[in-house]
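Please consider the sequence and the structure shown here. The explanation that accompanies them proceeds through the sheets, the helices and the ligand shell.

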Amino acid sequence: MRFLDTLLQKQLVGLDIGISGIKAVEISREKTPRILAYNRVPLPWDTISVEGEVKQRDILVQALKKLFSVGCFSSKKVAVSAFGRSIMTKRISVPVMTEDELDHQLYWEAEQYIPFNVNEVNLDFAILGTNSQTLAQEPKMDVLLVAAKKEFIKFLQALMKDAGLVPALIDNQAFALGNAFSFNYSGWTKTQGCNTSVLIDFGAGSTKVSVVEAGNTTFSRDVQACGSKCTELISQKLGMSMEEAEQAKILAPFGTAA
Ligand SMILES: Nc1ncnc2c1ncn2[C@@H]1O[C@H](COP(=O)(O)OP(=O)(O)O)[C@@H](O)[C@H]1O
Ligand SMILES: [Mg+2]
């Protein structure tokens, strides 16, 4: 924990690697944070596949270098989100036990729930509370399980290094969004008497739906309906390239049927 504190004392730049483009933002560490710098570099279509596989590594490295070349960021230390299908979260129900007990049993429990080989992933969990809805005889508790493929984390670290960046933090996109939402809107949600919020991040490669309960992300799921699917449909129906279809989609007046 002390290591993390030391790490976070340094200014971090938030880096978002999306299918449509990469974005970086630096925020001041004041009580009321301000945006100090922002930049976005678009990515050519299919640099990263809709599944999150990096198809054109060199193009991505060049784009990352370009993103930071404008000189507006004070640091090359980044907090970056893992993307694609190499990271997954699952809400599971297990017999009530302590955090230490679950820590010991985690790999055994996880085997049933995740589609990856458990030896090839980093696992973490958060106990969400007791499950009062279960019909099971023994008391159960809800747990949020997170699995990230080790191979992908290594890939991401190497990618950052080649782009001249230092990955100080690797997060999960849904959790990062949930934290940003809670930071910005917890006061507002309280005044509305609303304990649970659903966040929808409609991106180019997938739509991420997550649930934030009392400030914590308790559920997240990737849905395949996404911006690039709309672009693909326009491209097929109107016989345009993906780039042309993207322009047509964004520039179409609101309410125009393609
Ligand atoms: N004005 C707009 N109308 C419709 N779609 C838009 C508009 N602006 C951006 N988009 C779509 O939003 C998606 C980009 O969102 P973003 O969150 O940056 O995606 P990702 O993080 O997956 O790259 C693209 O599919 C883009 O076409
Ligand atoms: Mg996005």
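The following paragraphs describe two sheets, a hairpin, a pair of helices and the surroundings of a ligand. The model is a predicted one.

The description begins with the sheet of five strands. This sheet is open, its strands follow the order E3-E2-E1-E4-E8, and the pairing is mixed. At its edges stand strand E3, residues 35–42, and strand E8, residues 166–172, each of which pairs on one side only. On average, neighbouring strands of the sheet are turned by 20° against each other, with direction ignored. Towards the E8 edge, strand E4 (residues 77–82) runs parallel to E8, and six bridges join the two. Within this pair, Val-78 of E4 is found opposite Pro-167 of E8.

Two helices may be considered together with these strands. Helix H5, which spans residues 173–191, packs on the sheet and touches E4 and E8; the angle between its direction and that of E8 is about 85°. Helix H2, made of residues 57–69, lies across strand E2 (21–27) and E3, and runs at about 35° to E2.

The other sheet is built from three strands. It too is open, with the order E5-E7-E6 and antiparallel pairing. Strand E5 (87–95) and strand E6 (121–131) each have a single partner strand, so one side of each remains without a neighbour in the sheet. The average turn between neighbouring strands here is 20°, direction again ignored. E5 pairs with strand E7, residues 140–149, in the antiparallel sense over nine bridges. In this pairing, Lys-90 stands opposite Leu-145 of E7. Helix H4, residues 150–162, lies across E6 and E7, and its direction makes an angle of about 50° with E7.

A further pairing links strand E10 (residues 207–213) with strand E11 (residues 216–223): the two run antiparallel and are joined by seven bridges. Val-209 stands opposite Arg-221 in E11. These strands form a hairpin with two residues between them, and Ala-214 there adopts a positive phi near 45°.

Attention now turns to a pair of helices. Two packed helices are described by the angle between their axes and by the distance between those axes. For H6 and H7, the packing angle is about 110° and the axes are 8 Å apart. Angles of 65 to 115 degrees count as roughly perpendicular, and H6 and H7 therefore fall in that class with respect to each other. On the H6 side, the contact is made by Cys-230, Thr-231, Ile-234, Ser-235 and Leu-238; on the H7 side, it is made by Met-242, Ala-245, Glu-246, Ala-248 and Lys-249. Sorted by class, the residues of this contact are six nonpolar, two polar and two charged.

Both helices of this pair reappear in the surroundings of the ligand. H6 (227–238) and H7 (242–251) each contribute at least two residues to the shell around ligand 1. Which residues are the closest to ligand 1? They are Gly-18, Ser-20, Gly-203, Ala-204 and Gly-227, out of 13 residues that surround ligand 1. By class, the shell comprises three nonpolar, eight polar and two charged residues. Domain 1 (2–84 + 152–190) and domain 3 (226–258) each provide at least three residues of this shell.

Technical notes
Residues are numbered from 1 along each chain as its sequence is written. Chains are lettered from A and ligands numbered from 1 in the order in which they are written. This is a predicted model: local features need pLDDT of at least 70, side-chain atom pairs count only at pLDDT 80 or more; totals for chains, interfaces and linings use all residues. A residue is near a molecule or strand if its C-beta atom, placed from the backbone, lies within 6 Å of it. Helices (H or I, at least four residues) and strands (E, at least two) are DSSP runs, numbered from the N terminus. Ala, Val, Leu, Ile, Met, Phe, Trp, Tyr, Cys and Pro count as nonpolar, Asp, Glu, Lys and Arg as charged, and the others, Gly among them, as polar. Domain bounds come from an automatic or database domain assignment. Two strands pair if DSSP finds at least two bridges between them. Axes are lines fitted to C-alpha atoms, for helices over the stretch in contact, and angles run from 0 to 180 degrees between N-to-C directions. Two residues are in contact if their C-beta atoms, placed from the backbone, lie within 7 Å. Angles under 35 degrees count as roughly parallel, over 145 as roughly antiparallel, 65 to 115 as roughly perpendicular and the rest as oblique.
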